[in-house]
Each structure stands twice: as C-alpha cells, then as structure tokens.
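Reader: I'd like to go through this one feature by feature. Could you give me the general idea each time, and then the case at hand?

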Amino acid sequence: MSAAPFLLLVAGAAALLYQTSSQAESDVASLTASDLINGTEGDFFDMVSSGQAAGDPNQNRQAFLYAIKMSEVGAALTSETDNGYNVLVGATPANPLTFSDYSTHPNIYNAALNSTAAGAYQINHPTWLTLVNQTGLSDFTPSTQDTMALQLIANKGALADIDAGNLNAAMVKLQPVWRSLPGAVGGVSGQRNNSASQWIAWYQGAGGTLA
C-alpha cells in the first residue's frame, strides 16, 4: 500500500473522537501479538466501512468508542481527566491516577493489578507494541488511542458489525479484548462486567444506530 492512502486512512480514523513486565498481564485490551493477528480481516487499510450500514457508520464507530470509554474509565473519571485519555489502570474518581506524556505509551506497571493498561480504552503496553507495528503509529495521543481501539475492533472482525449496528454480535466478538463487556471473563482484579443494556444505552446516547 502506498504512503498517501495510508496517511489518509490514519487521518480519517484519528478524527473519529479525540480516541512490560515479563509476566502475562490480565488487562482489559490485553492481547498477545498472536491474539491480535488471529482473526484479523486485514490491517489498517481494511478499516474503511463496508457492507450494509445502519445510519452513518462513522457515527456508529464514534458511539462504540464512547461506550468503551464509559465502560472502562467511567463518566466520573472522564470528566476529571483529559476525557479519559490520560487515565492509568487502577484510577478511581477519588484517586485519579494519570500520566502526562502522550509521546509514547506510559508503560507504568501497577503491581497490585498486574497491568500496564492506560488511556481511554485501557490498552496495555504489550498490546500497544503490536498496534504500533500494525498501524505505523508510535505515540499515545488521544487520536492514536482512537485509531488503535478501532484496529483492535477490526482485528476481531467486529468493525462491520458496528458499522451495521449489530451491537450484540460486536460485543460477543470483543469480549476477549475489553473485559468489562457483558459475558467477558478475566480482566484486572475487581473489574466488573457492564450489562448489554448499559452498553447499548451508552452507544445510542452517543448517536449510534441499531440494526
């Protein structure tokens, strides 16, 4: 793929929202390189909308990213921080742990939670390294976080479901990525699943359309 189309796709996806240790981490968005690549429908160039969409597929993607952020970071922390993009794993509204340098992933290890997850979508450092190779992006700015979250969604074959408004199908496919999804297991200690009805409410509240 030539550089110009790639850069156009990066810019388009980045505009959607404003979106280690040697031990295995039990994160949200905690996939190994093989996990990320398995089931991939393609790399970044395949993240354009395709198929029959319900409403505006770009709006659906924005709405789903918003729902992930609400589920992983929460409304309170989002309002107290840089829209959730600088949140570290383990943060609470009473103790909003954050980072300040967006030039790279913070890679701050929380030993109590065995996790380096960070940002609006709680992407851990090993996953970020894989996403750097997939997307060609090497920072951790809000727009890069949005793009990387979309790449994670594309890797699991759920982007077309979101574009079409098939939320239940997308949520099932993404359970191994974000452990706060309904029915997902694992994740950091104390992490809870949010209900499907809550996810759909966040999604529709942000302008997402259901099939």
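Reader: What follows H6, and what is the sign of its phi?

Author: Helices here are DSSP runs (H or I, at least four residues; strands are E, at least two), numbered from the N terminus. H6 is followed by Gly157, with a positive phi near 75°. Keep in mind that this is a predicted model, where local features need pLDDT of at least 70, side-chain atom pairs count only at pLDDT 80 or more, and totals for chains, interfaces and linings use all residues. Residues are numbered from 1 along each chain as its sequence is written, and side-chain values use heavy atoms, with hydrogens and water left out.

Reader: How far does H6 reach from its first C-alpha to its last?

Author: The expected span is 1.5 Å times one less than the number of residues. H6, with 14 residues, reaches 20 Å, close to the 20 Å expected.

Reader: How many residues of H6 are buried?

Author: Buried means under 20% relative accessible area, exposed over 50%, and partly exposed in between (1.4 Å probe, protein chains only). In H6, 13 of the 14 residues are buried, so the helix is largely enclosed by the rest of the structure.

Reader: Which residues have the most contacts inside the largest nonpolar core?

Author: In soluble globular proteins, nonpolar side chains tend to be buried together. A nonpolar core is a set of buried Ala, Val, Leu, Ile, Met, Phe, Trp, Tyr and Cys residues joined through side-chain atoms within 4.5 Å. The largest one has 39 residues, and Phe64, Tyr121, Ile153 and Trp178 have the most contacts inside it. Elements giving it two or more residues include helix H3 (57-72) and helix H6 (142-155).

Reader: Which salt bridge links distant parts of the chain?

Author: Look for a side-chain nitrogen of Lys or Arg within 4 Å of a carboxyl oxygen of Asp or Glu. The count is 2 salt bridges. Arg61 and Asp163 meet in one of them, at 2.8 Å, N to O. Arg61 sits in helix H3 and Asp163 in helix H7, 102 residues apart, and both are buried.

Reader: And where does Asp161 come in?

Author: Asp161 forms a salt bridge with Lys173, closest N and O atoms 2.7 Å apart. Asp161 is in helix H7 and Lys173 in helix H8, so the pair ties together parts 12 residues apart in sequence. Asp161 is buried at 12% relative accessible area, while Lys173, at 34%, counts as partly exposed.
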